[in-house]
Every structure is written in C-alpha cells, then in structure tokens.
Amino acid sequence: MNRWPMHGAPFLHADTSVAKVMMRVQIASILPLLVHIYYFGWGIAVQWALAMLTGLVVEYAMLHLRGRPVKPFLLDGSAVITVTGLTFCIPPESPWWLIVLGVSFALIFGKHLYGGLGFNPFNPAMLGYAFLLVSFPAYMTQWTLPSEVSGHTLSLTESLLKIFTGKLPDSIMDQVTGATPLDHVKTGLTQGISVPDTLHNARVIWDDIAGHGWIQWNLAFMLGGLYLLWTRTIRWQYPVGFLGALGLMAAVFHAINPDHYAPALFHLLSGGTMLAAFFIITDPVTASTTPLGRFIYAAGIGVLVYVIRTWGGYPDGIAFAVLLMNILVPLIDQYTQPRVKGYRA
Amino acid sequence: MELNPSPLQQAREIFYDGLWHNNQALVALLGLCPMLAVTNNAINGLGLGVATLIVLVVSNVLVSLIRDYVPREVRIPIFIGIIATAVTIIDMLMAAYVHELHKLLGIFVPLIVTNCVILGRAEAFASKNPVWASALDGLAMGLGFLIVLVVLGGLRELLAQGTLFDQAFLMFGQQARDWTLHLFDGGILLAALPPGAFIGLGLLVAGKNWLELRRQSRLQRIPVETAHEPA
C-alpha cells in the first residue's frame, strides 16, 4: 500500500500550533498596548484586565456547558486574542459593564454557539464590537483625549474611578473625553467645514496629518504587524490588500475633491486601520484561505471601510466591513480555488 | 395509539400539538416575517397574536365547513379568498376599536393573509377534519403562536427598554396607562433591532429543544432502570 511514495529530504516542518500562533500575536500587541497607555492613560490596562477576567469565566463556563475539555481549549489562547482585539476597540474610559457585556457576547454568540474555535463564520471580536456600537452608541463614541490635547493625563486611580463609578471630578471631566479625529472630520463636513480646515485647526490633529496619539498607535500596530509577517504568522495578502484598497480609494477621492475627502495618509493612520490590517482581518478562522481569496477579502474590507467612513452613518466602519466580508468568505473561497498542479485552469 | 381515539383525546392531542409539539413559531418556524418584525414589545406581540388567532379560528372553521365541496385543484385560491375575507374584517375591526395599535402594527395586519401559519393549517388540518376539530386546531395553533409572540416581544422589550407592557393603553384603553412595569433604565438597544429579533427567536427555539431533549432523556431512563432489576 505504498500509494504516497516518500521522496528525499529535506522536509519542511511547520512548527506551529494554535497556542504558538496566539502567543506571537499577543507578543506583537505589547508595543501598541504600551503606546496606548502612554497617550491615552491607564484606562486600557484596567479594561484589559476586566476583559481577560470576563473572557476566562465565560470561556470556562461555555466549555463546561458544552461538555468540552476545558484545559486545552482554555490554554490555547484563542479567547485571549478575541479579548485583546476587542479591548483595543472600545473607549478606554468606558464603564466596566461595557467590556464585560462585549466580551461575553463575542465569546458566547460569536464563537461557542457556532461550535467553538474554528467553526465561527464571523470574527468574534468584531461581532462584540458591533454589538456594543449598535447597543450603546453614546458610550462608544466618547474617546479619551491624548494628554497633549487635554493637558491632563488620567492617573490609574482616576481611571479606575471613572470606569467603576462613572464619575470624575467635574473640573477635568469635560476635558478628558471627546470625539475621535475621524469623528471630527465627519461632523466638520456636516457643518460646512472643509477637510483641510478641520485637519489644520482641530486640537486633536497632530501636524495636519491625523490624530495625536492615533498616529503613534497605528504605527505601533504596524511594527507589531511586521513582526507577525516576519515570523510568517500572518500572510502578506491581508495587510497589502486592505491598506492598498483603502489608500487607493482615499487617494482617488482626495485627488477629485481635496476639500471634501481626507487624504490617504489620514485614513491609513486613523481609527483602527492598522489594528484591522494586521490583527483583525488576519484571523485565520474567519478570513478567506486561498491566496487570491485573501487578497480579494482584504481589499473588499478596505473599500467598505472607506465607504462607511466617508458616506456611512458611523465615523469608523471596520467592524461592519469585516463582518460583511466574513459573510462572503465561502463564496470567495469557492471561486478562487488554486489550480491543482498538472490540471488545466 | 388507539385506532379511534375519543374526541377528548383528540382535543388533547390538538392542544398539545398547537401549544408545544408542533408549535407554529418554535417548531414549524412559520410566519417569521410578522413575528420578527412586530415583536419589539409585548403589547405589539399580543395585538398581532390576537389578530392572527382570530383569523386562524375563523378561516379554519370556514375551510372545514366547505371542505367536501372544494375541488382539489383550486383549493389554494379558495382558501386564500376565505383567509383574505377574515383578515379584512379583523383589519377593519382593529382600525375601529384599537386604532392606535392598528397604526403601530401597520402593514402587518393586512399581511396576516400571507402568514403561512394560516394557509398551512387550512391545508394540513381544516380541509381534512370536522368543524369542531378545526376550530380547536385554530385556537390551539393561534394560542401557541400568540404565546411565542408575547414572550419574544416581552423579552426584547425588557432587554431594550427595561420595561414590560409598555403602551398597554393602546389595547386596553386608558385604565391600562399604569400597567407598564418599569424595571430598570436604559438597556441593550440591539434587542429592539432586527438582529435582536433573530437572536431572541433562536434562543427561544434552543430553549424549547433543550426542554424537549431533557424530557426525552428522562423518559428513556425509566425503562433502562427497570431493565436492570431482576425479572
């Protein structure tokens, strides 16, 4: 029965496991976490701890209820990635129950009800984020202002106070949270202020390019993402397709009417662009798996993000774009099957 | 199963089918469109549920009455004609007596005509069974549908607004203005939106199946236990 003859060495051994991949992603997200703490204060650390605790409890409870072995699934770190991805997306000073609800929804409805890791069609973190954004829009749009803008950095105790009691001394309350740069551009346009004016005059914008702190945060994600690319944890088609499509859309429309459409660099360094490019859309479970399919999937998200940011009702559209493209993944995979070697196309 | 069950047994079977075993909302998953669209609070669910229930009983009785005279080939248009007549009457009655609720439910009252539950029962039951059984079937199926509408509406209302029986006065008049239960402020907006309807219905179906599985495993356990005893 020697149907599969062995040829000579060398063999390529892909030394990966779910836990290893997840650990690399976790390592890559340390730098953005530090940058986030530096610019937006300790809020995210508190949120992350809360989210991890919720994630562990929910994951344990769901595995137990489903009659699955708890230890291997709990230790593979997949829930940790969902939790980390979601934590980066919510405002750092939002009330404690927000992240608890979001993580619970993401893990229960986004993952376990579909059959657990590997069976979920939608990115759980983005599902959790979309759930929060649709359900609690008021809490989800007030982002902590970076210290250079507000002139005040919240201390750890102040962050804890805000997250658990919702109160801050009135004197600093108004200064510390505000709209994000993407929001500023959008509301500016509705008030008849052109994009260059907004970029030049808004306090939250750094050097006419994009938001204070947001630029550095996005660059940190890019560095983390390059580490993931270097370790072959993620495929290049995702970031290239996504950033390429988003940048191209932005560049074309900016060239047509610079007063109305923000430049490409603004889009690439604002909101969750780099987070999505290297950490969100690269999720191996919910993304397309063929080489061409990965590219189409990522580019589709890029186009949709631009469309939602520019003409949609929300300032950022990554969650909705990812979820929409998640639906299309089976179709994309179906039509982009690579040619089997030796067969005609 | 006896060959000729008594009318009482038949009636029990009909009710068990309508309320639980063959519940049109949870098992047959019929009439999803009105069910998902109007159940953003308990009173809307109750209003549409009652309307559907009445139409179901009336159409079942009429279809059963004429079942021997309807040619098989054109039965569907005839059934639809009967159902449409019943719906038109209900629609006008609602517009006259519960006008505000009628306005809120909007297009979904006339659309009861297209609710598959009603045509489904006319075709599957009323056209083959005597009048009394068809009337009971309409009542049982309608009640089963109504209960799911109210429970789903209540669930979504509770999650989205923290209230129960909000706007009860639309159906029960001014004295019902203080029937509303305010349990807490704020809520999860998603529950009131279309995804909330789908998720809520999914949870109800899952809950029903879970109860059913538990009951079956308990039923199966009894013979197993007795088998171990020495004969």
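**Exercise 1. The two sides of a helix**

In the predicted model shown above, which residues of helix H2 (residues 30-40) of chain A are buried, and which are exposed on the other side of H2(A)?

*Solution.* Begin with the buried residues, which in helix H2 (residues 30-40) of chain A are A:Pro32, A:His36, A:Tyr39 and A:Phe40. The next step is to look at their directions around the axis: they cover an arc of only 80 degrees, which puts them on the same side of H2(A). Then turn to the other side of H2(A), where A:Ile30 and A:Leu34 are exposed. Finally, look at what comes after the helix, and you will find that H2(A) is followed by A:Gly41, whose phi is positive, near 90 degrees.

**Exercise 2. Packing of H14 and H17 in chain A**

Describe how helix H14 (residues 214-230) of chain A packs with helix H17 (residues 273-280) of chain A, and work out what kinds of residues make up the contact of H14(A) with H17(A).

*Solution.* Two packed helices are described by the angle between their axes and the distance between the axes. For H14(A) and H17(A), the angle is about 15 degrees and the axes are 8 Å apart. Since angles under 35 degrees count as roughly parallel, H14(A) is roughly parallel to H17(A). The handedness is given separately, and the crossing of H14(A) and H17(A) is left-handed.

Next, list the residues on each side: H14(A) contributes A:Asn218, A:Phe221, A:Met222, A:Gly224, A:Gly225 and A:Leu228, and these meet A:Thr273, A:Met274, A:Leu275, A:Ala277, A:Phe278 and A:Phe279 in H17(A). When the residues of this contact are sorted by class, eight are nonpolar, four are polar and none is charged.

**Exercise 3. Around H17 and the loop before it**

How many of the residues of H17(A) are buried, and is A:Ser270, in the loop between helix H16 (264-268) and H17 of chain A, buried or exposed?

*Solution.* Go through the helix residue by residue, and you will find that A:Thr273, A:Met274, A:Leu275, A:Ala276, A:Ala277, A:Phe278, A:Phe279 and A:Ile280 are buried. That is eight of the eight residues of H17(A), so the helix is largely enclosed by the rest of the structure.

Now step back to A:Ser270, whose place is in the loop between H16 and H17 of chain A. The cut-off for a buried residue is 20 or more other C-beta atoms within 10 Å of its own, and because A:Ser270 has 26 of them, it is buried. Leaving aside residues up to four places away in sequence, A:Ser270 touches A:Pro181, A:Leu182, A:Ala210, A:Gly211 and A:Trp214. As a last step, take the pair A:Ser270 and A:Ala298, which are 28 residues apart in sequence and 18 Å apart in space, from C-alpha to C-alpha.

**Exercise 4. Two residues with positive phi**

Where are A:Arg232 and B:Leu29 placed, and how exposed is A:Arg232 and how exposed is B:Leu29?

*Solution.* Most residues other than glycine have a negative phi. A:Arg232, however, has a positive phi near 60 degrees, and it is found in the loop between H14 and helix H15 (237-256) of chain A. Counting gives 11 other C-beta atoms within 10 Å of A:Arg232, so this residue is exposed.

In chain B, B:Leu29 has a positive phi of about 50 degrees although it is not a glycine, and its place is in the loop between helix H1 (7-21) and helix H2 (32-38) of chain B. With 13 other C-beta atoms within 10 Å, B:Leu29 is partly exposed.

**Exercise 5. Chain B and one of its helix pairs**

How many helices and strands does chain B have, and at what angle do helix H3 (residues 42-65) and helix H6 (residues 116-124) of chain B cross?

*Solution.* Chain B has nine helices and two strands, and along the sequence they follow the pattern α-α-α-α-α-α-α-β-α-β-α. Of the 231 residues in chain B, 38% are buried.

For the helix pair, the axes of H3(B) and H6(B) come within 9 Å and cross at roughly 25 degrees, which makes H3(B) roughly parallel to H6(B). The crossing of H3(B) and H6(B) is right-handed. From H3(B), B:Thr52, B:Val55, B:Leu56, B:Ser59, B:Asn60 and B:Val63 meet B:Val117, B:Ile118, B:Arg121 and B:Ala122 in H6(B), and the residues of this contact divide into six nonpolar, three polar and one charged.

Methods: Residues are numbered from 1 along each chain as its sequence is written. Chains are lettered from A and ligands numbered from 1 in the order in which they are written. This is a predicted model: local features need pLDDT of at least 70, side-chain atom pairs count only at pLDDT 80 or more; totals for chains, interfaces and linings use all residues. Axes are lines fitted to C-alpha atoms, for helices over the stretch in contact, and angles run from 0 to 180 degrees between N-to-C directions. Helices (H or I, at least four residues) and strands (E, at least two) are DSSP runs, numbered from the N terminus. Angles under 35 degrees count as roughly parallel, over 145 as roughly antiparallel, 65 to 115 as roughly perpendicular and the rest as oblique. A crossing is left-handed if the near helix is turned anticlockwise from the far one by less than a right angle, and right-handed if clockwise. Two residues are in contact if their C-beta atoms, placed from the backbone, lie within 7 Å. Ala, Val, Leu, Ile, Met, Phe, Trp, Tyr, Cys and Pro count as nonpolar, Asp, Glu, Lys and Arg as charged, and the others, Gly among them, as polar. A residue is buried if 20 or more other C-beta atoms lie within 10 Å of its own, exposed if 12 or fewer, and partly exposed in between; C-beta atoms are placed from the backbone. The arc is that of the directions from the helix axis to the C-beta atoms.
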